[in-house]
Amino acid sequence: MNYPYVTEFRQSLVEWFEKEKRDLPWRHTKDPYKIWVSEVMLQQTRVDTVIPYYNRFMESFPTLELLAEAPQEYLLKHWEGLGYYSRARNLQAGVREVLESYGGIVPDNRHEISKLKGIGPYTAGAILSIAYNKPEHAVDGNVMRVLSRVLNIHDDIALPKTKKIFEAAVAELIDPENASSFNQGLMELGALICSPTSPKCLLCPVREYCTAFNEGEPENLPIKSKKVKMKHISYDVYVCEDEDGRILMEQRPEEGLLANMWQFPMVEQEDDSLIKFAHHHDLNVQAHQQILTFKHIFSHLTWHVNAYYMKSKTGEKGEWLTREQIELLPMPVPMLKIWQAIK
Ligand code: SF4
């Protein structure tokens, strides 16, 4: 990393944090157990929501020994409404490991602390830096947003491997004397000033050293591709020809995917799809054979297609068209594939 303002950046960030930080209950302690609890509660949950839970939790479980001994139902009662209950169970399991394997002292190095149940790279770095002032990275979404702007990083933060780039950046930038305030400063800056859509750059303590601010478009960072969830549907497609050589066709609905295109009748695959199809069209199917199996990928959807050819007497329903007529119809690619196979 070639970033010329490391010293100035650190100093501005740390000074700003120490002056402007919000007064939050877990900021009154350096007890690694309490920092741990706060960090686990803050995963997926807003600060305002966490505060009363944290205070109640600390009244009931002020030490890790008390948490380790707590019946699980009693523990979960304290978590009720926070959601993601596995967090509470993992926390208790991790605390028990600390008692069993580390004499009740939360480890102060990444290697050991990372072995504890429920502690990933972020939580490990947060505990090590905040409680022990160790210069360890703690990279979450806020930190990636701030640093992508300051350092002009254009890697896609939706990809898990990108986190390593930011961890390496923090490892170089972090103030070795003030690791706690540095990491919390980055998080606080992301929460209060460097917001996703309208960063308050004019109030920002590091704007002089921020590449995106100086280039004028911080809102364009970070780059985050949308995760597309692919849907899969299996279809049976029936090419049904009558004794006169005409083929049953159907037109797709006016709206939606491939609107108004023509296709051989297709039905979502079920055990009795063929029977239902024949019944629906009043067909008298004499024989059928599978002609093609393939998949067709749309942007969010994959069709798994089984195409069949069959002979039937002309049914009462549907559009029966000659091959010449079919040649003239607009058909989507998967249907053209089947058509080629038929021809
Ligand atoms: S100057 Fe603006 S974009 Fe840069 S870190 Fe500060 S708030 Fe974020």
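UniProt positions are given in the numbering used here, and such annotations may be inferred rather than shown by experiment.

**View 1. The annotated HhH-GPD span in the predicted model.** The structure shown is a predicted model. An unreviewed UniProt entry places the feature "domain: HhH-GPD" at residues 41-192. Helix makes up 65% of residues 41-192 and strand 0%. The C-alpha atoms at the two ends of this span lie 19 Å apart.

**View 2. The two assigned domains.** The domain assignment of the protein gives domain 1 as residues 5-220 and domain 2 as residues 231-342. Between the C-alpha centres of domain 1 and domain 2 the separation is 56 Å.

**View 3. The largest pocket and its lining.** The largest pocket holds about 900 Å³ of space. Its lining consists of 34 residues, and L42, Y122, D140, N142 and M187 are the closest to the pocket centre. Helices α2 (32-42), α3 (47-60), α8 (121-132), α9 and α11 (179-192) each supply at least two lining residues. Helix α11 provides the largest share of this lining, with six residues. Sorted by class, the lining of the largest pocket comprises 13 nonpolar, 10 polar and 11 charged residues.

**View 4. The enclosed cavity.** How many cavities of 30 Å³ or more are counted? The count comes to one. The largest cavity has a volume of about 100 Å³. Of the 14 residues that line the largest cavity, C194, P199, C201, C204 and C210 lie nearest its centre. Helix α9 (residues 141-151) contributes three residues, the largest share of the cavity lining. The lining of the largest cavity has 12 nonpolar and two charged residues, with no polar residue.

**View 5. The ligand and its surrounding shell.** Which space does the ligand take? The ligand occupies the largest cavity, the one with a volume of about 100 Å³. Around the ligand stand R149, V150, I193, C194, P199, C201, C204, R207, C210, F213 and P218. Among these residues of the ligand shell are C194, P199, C201, C204 and C210, which are also the residues nearest the centre of the largest cavity. By class, the shell around the ligand divides into nine nonpolar and two charged residues, and no polar residue is present. Arg counts as charged, whereas Val, Ile, Phe, Cys and Pro count as nonpolar, so the two charged residues of the shell are R149 and R207.

Methods:
Residues are numbered from 1 along each chain as its sequence is written. This is a predicted model: local features need pLDDT of at least 70, side-chain atom pairs count only at pLDDT 80 or more; totals for chains, interfaces and linings use all residues. Side-chain values use heavy atoms; hydrogens and water are left out. Domain bounds come from an automatic or database domain assignment. On a 1 Å grid over the protein atoms alone, a cavity is a set of points where a 1.4 Å probe fits but cannot get out, and a pocket is an open set with protein on both sides within 12 Å along at least five of seven lines; lining residues have an atom within 4 Å of a point. Grid points are joined across faces, edges and corners, and a volume is the space filled by probe spheres set on the points. Helices (H or I, at least four residues) and strands (E, at least two) are DSSP runs, numbered from the N terminus. A residue is near a molecule or strand if one of its heavy atoms lies within 4 Å of it. A molecule sits in a cavity or pocket if more than half of its atoms lie within 2 Å of its grid points.
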